[in-house]
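Okay, thanks everyone, I'll keep this short. Let me put the structure up, and then we'll go through the cavities and one helix.

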Amino acid sequence: MENVTDLTQLIIEDVIPSRINKTSLQHFLKEADPNNKYSHNANKLSLVYDFFDNCTNAKDEFSKFVIKNLMYGKSRVITESDIASIPQPITSKRKLLNQLGISEDKLNFNNIMSFNPSNKFKTVYRNVVLSRDGGAKDKIKHIDIIFARKYIDTSSESQKLRGEYVWVEVDFDAFKVWMHMSSRHNNQVNRELPSQPVLLFNYFKSVLHNRYGLMISENSEEDFIFKLYSYLTKKDEEKYLEKVSEEEDKIEELCDNILENLDIEDDDNEVLERVKGVFLRKIIQNDFNNFTNNPNVEGRVKAFIFSDLEGTRLQASKGPGRSLIGDEINIESSTAYFDNKETINKAQKLFSVLIVWTPGYDDISNFLQVRYTAYPGFLETHFLYSDITEDEYKNVLQKIRRIRKSNEE
């Protein structure tokens, strides 16, 4: 029998109330302790106390459950970056131990159940997964690290102890780094490092370099966000474009005749494509209600932010509601939809796009609103409005991988 005093102030005042969903807790209790029945009416803390009283290895089991909830749940902002190949990253366990200056028995650890947060980020969990390849037993495949510090919300009157958590996921198979963090921006514990994704990314980028010998590539993701936007808008317009394509020979003949009369050449087919676009626009305008409410699409672009080197900046959304960002206009009043699309297609770059992913594609079971933003060195994925499950995270990540690959082919 475990002693409930093993539950720290942080677990009682922060993790259980704000990081653990009651439904997921009840599911965990059923799986971890099937011989005992737990009340559906009891509050979360009482359920955890009962579990500690009933289960002989409660601390270890509950600790694993807490880790999972810190990795997902409210950690709805995820940055994605490439690991730089030069200089060569540390992928050997022996070299990593030397880099960290620790013994092998301290490489993997879990301090979640005993952690008392301070104003500075500390490592509270680390798990290094080695390759199962028989000839490369020392090779590192994957690293999970959770960093935590105290959280102080000056807008709240509550004096409860809170924590801020950043989970860093290093994958040497994909050669990627993901950082997971909450969407709160009001942590006042450190004026030099507030809880803003860009600042936190740069901080942990330095930590990964100095402590783990990892460098992150300085990629720009604005071209990928444009490709994501283009991929979805083309899917939306596909059946309408087919109608225009059926008349392409006639449209081309019309353009050639007019260009010849005007003594103008169209070597890059700009005129032809623009005229085809006019017909596409008219067809969609005539069927705009069905176009904007088509349920048979993988995802819909709901809003975007565009800016170019000349300082042009556009912001747009599909209409009113919680998704509005800044002074947005309705891109699905058809005039704005097409006028903005022409500007974006010409630049082939986008800073940010908000997408509603549709259930039924890539194992996604619920509508998910996700904003993708391109920052120097990383792509930010922000799940809006609701906590995420492990499956939702993996499904959306897989979707992005697929769309990236389709654009590379």
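So, which strands and which helix each supply at least two residues of the lining of the largest cavity? Bear in mind that this is a predicted model. The answer is strand E1 (77–82), strand E12 (378–383) and helix H12 (390–408). H12 gives the most, with four residues. The full lining is Ile78, Glu80, Trp178, Tyr372, Thr381, Phe383, Tyr393, Val396, Leu397 and Ile400. Sort those by class and you get eight nonpolar, one polar and one charged. As for volume, this cavity comes out at about 80 Å³.

Stepping back, searching the whole structure turns up three cavities of 30 Å³ or more.

The second largest has about 40 Å³ of space. Helix H1 (9–19) and helix H4 (58–71) are the elements that give two or more residues to its lining, and H1 gives the most, with three. If you want to click along, the lining residues are Leu10, Ile11, Val15, Val66, Leu70, Ile112, Phe115, Val124 and Tyr165. Here the classes are simple: nine nonpolar, no polar and no charged residues.

Last thing, helix H7. H7 runs over residues 222–246, so to speak 25 residues' worth of helix. From first C-alpha to last, H7 reaches 33 Å, close to the 36 Å expected at 1.5 Å a residue. And where does H7 bend? At glutamate 238, by about 60°.

That's my bit, over to you.

Conventions
Residues are numbered from 1 along each chain as its sequence is written. This is a predicted model: local features need pLDDT of at least 70, side-chain atom pairs count only at pLDDT 80 or more; totals for chains, interfaces and linings use all residues. Side-chain values use heavy atoms; hydrogens and water are left out. The expected span of a helix is 1.5 Å times one less than its number of residues. The bend at a residue is the angle between axes fitted to the seven residues ending there and the seven starting there. On a 1 Å grid over the protein atoms alone, a cavity is a set of points where a 1.4 Å probe fits but cannot get out, and a pocket is an open set with protein on both sides within 12 Å along at least five of seven lines; lining residues have an atom within 4 Å of a point. Grid points are joined across faces, edges and corners, and a volume is the space filled by probe spheres set on the points. Ala, Val, Leu, Ile, Met, Phe, Trp, Tyr, Cys and Pro count as nonpolar, Asp, Glu, Lys and Arg as charged, and the others, Gly among them, as polar.
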